[in-house]
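Reader: I would like a close look at a single part of this model, with the terms spelled out as they arise. Please take the charged pairs and the helix that carries them as the starting point.

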Amino acid sequence: MRASDLRKLGVESEERSARLSAGFAESAAGRGLIDVSYGFADSPMGRLLVAMTRRGLVRLEYPGRSLDEQLQELARRLSPRILEWAKGTEGVRRELDEYFEGRRRRFDVPVDLSLTNGFSRRVLRAAGRIPFGTVATYRDVATQAGSPRGMRAAGNALGSNPVPIVVPCHRVLHTGGGLGGYTGGLDRKVALLRLEGVLEAR
C-alpha cells in the first residue's frame, strides 16, 4: 500500500473516531450524565481550557498545567463525571473569539463560581461588574466585597480567579496605579488592558 493511501486511511480513521466521540458525548449529555464538559479555545493568550457545568462557565485556564492535572482537580472539586464535549463549550468559545477580535465588550455566558466561596466569591463578583475599558483598585473591590481593609485578601482572591478574562480581574490595579499581579502573568494582563484601550498599544 502506498504512503498516500496510508495517510488517507489515517485521516479517515481520525475523523471516524472524532464522530464517534462527539456522538457519545451528545448521548451522554442528553441523558444528563455530564456534570462538567470541557473544550479548548484558541486565543492570542494561548490555548485556553474551557470547562462548563449546568450553571455556567466554571473554569477558564491559561496554558501551563497538564490537562490531566487540570481534569483531576475538576473531578476532585466538582464531579468525576467530566467529558470533552466541544458543543457544550461553543457558546463561551464564540464569545471569546468575538472579544479578542474587538467585537465584544461584555460576556453574556453565565458564570459558575462553585470553585470559590465567601469573601473570594464576593470579590470576584465585584470584579465582574467593572466595565470594559475601565479599571478599579484592590481597595475598591475589597470595599464592594464588604471589607475595605481586605486588600491583600482581595488580591489573593483575584490571583486565584478560576475564570479570568470573563471575570475581568485584569481590570484591578494597585491604588497608586501599579499593575499589581495576575494569575496569567503580567504580559497577559498588559495585553488585555491594551486590547480594551486602558493602556496604549505599542
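Reader: Which side chains meet in a salt bridge with N to O at 3.1 Å?

Author: The structure is a predicted model, in which local features need pLDDT of at least 70 and side-chain atom pairs count only at pLDDT 80 or more, while totals for chains, interfaces and linings use all residues. Residues are numbered from 1 along each chain as its sequence is written, and side-chain values use heavy atoms, with hydrogens and water left out.

The side chains that meet at 3.1 Å, N to O, are those of E73 and R77, where a salt bridge is a side-chain nitrogen of Lys or Arg within 4 Å of a carboxyl oxygen of Asp or Glu. Because E73 and R77 are four residues apart in helix α2, about one helical turn separates them; helices here are DSSP runs of H or I with at least four residues, strands are runs of E with at least two, and both are numbered from the N terminus. An α-helix has 3.6 residues a turn, so residues three or four places apart point the same way. E73 counts as buried at 13% relative accessibility, whereas R77 is partly exposed with a relative accessible area of 39%; buried means under 20% relative accessible area, exposed over 50%, and partly exposed in between, with a 1.4 Å probe and protein chains only.

This pair belongs to a wider arrangement, since R59, E61, R65, E69, E73 and R77 are linked in a network of salt bridges. Within that network, the side chains of E61 and R65 meet in a salt bridge of 2.7 Å, N to O, with E61 buried at 12% relative accessibility and R65 partly exposed at 27%. Side chains of opposite charge can pair when their charged atoms come close. By the same rule the count comes to 14 salt bridges, and one of them joins E101 to R103, with the closest N and O atoms 2.5 Å apart; there, both E101 and R103 are exposed.

Returning to the helix itself, α2 spans residues 67-77 and includes Q70. Q70 is buried, with a relative accessible area of 7%, and, not counting residues up to four places away in sequence, Q70 touches L49 as well as the salt-bridge partners E61 and R65, contact meaning heavy atoms within 4.5 Å. The buried residues in α2 are Q70, L71, E73 and L74. Seen down the axis of α2, these buried residues fall within an arc of 155°, so they line one face of the helix, the arc being that of the directions from the helix axis to the C-beta atoms. They pack against the strands β1 (36-43), β2 (46-52), β3 (57-61) and β4 (82-84). The face of α2 turned away from this buried side carries the exposed residues D68, Q72 and R76. E73 therefore has a place both on the buried face of α2 and in the salt-bridge network, where R77 is also a member.
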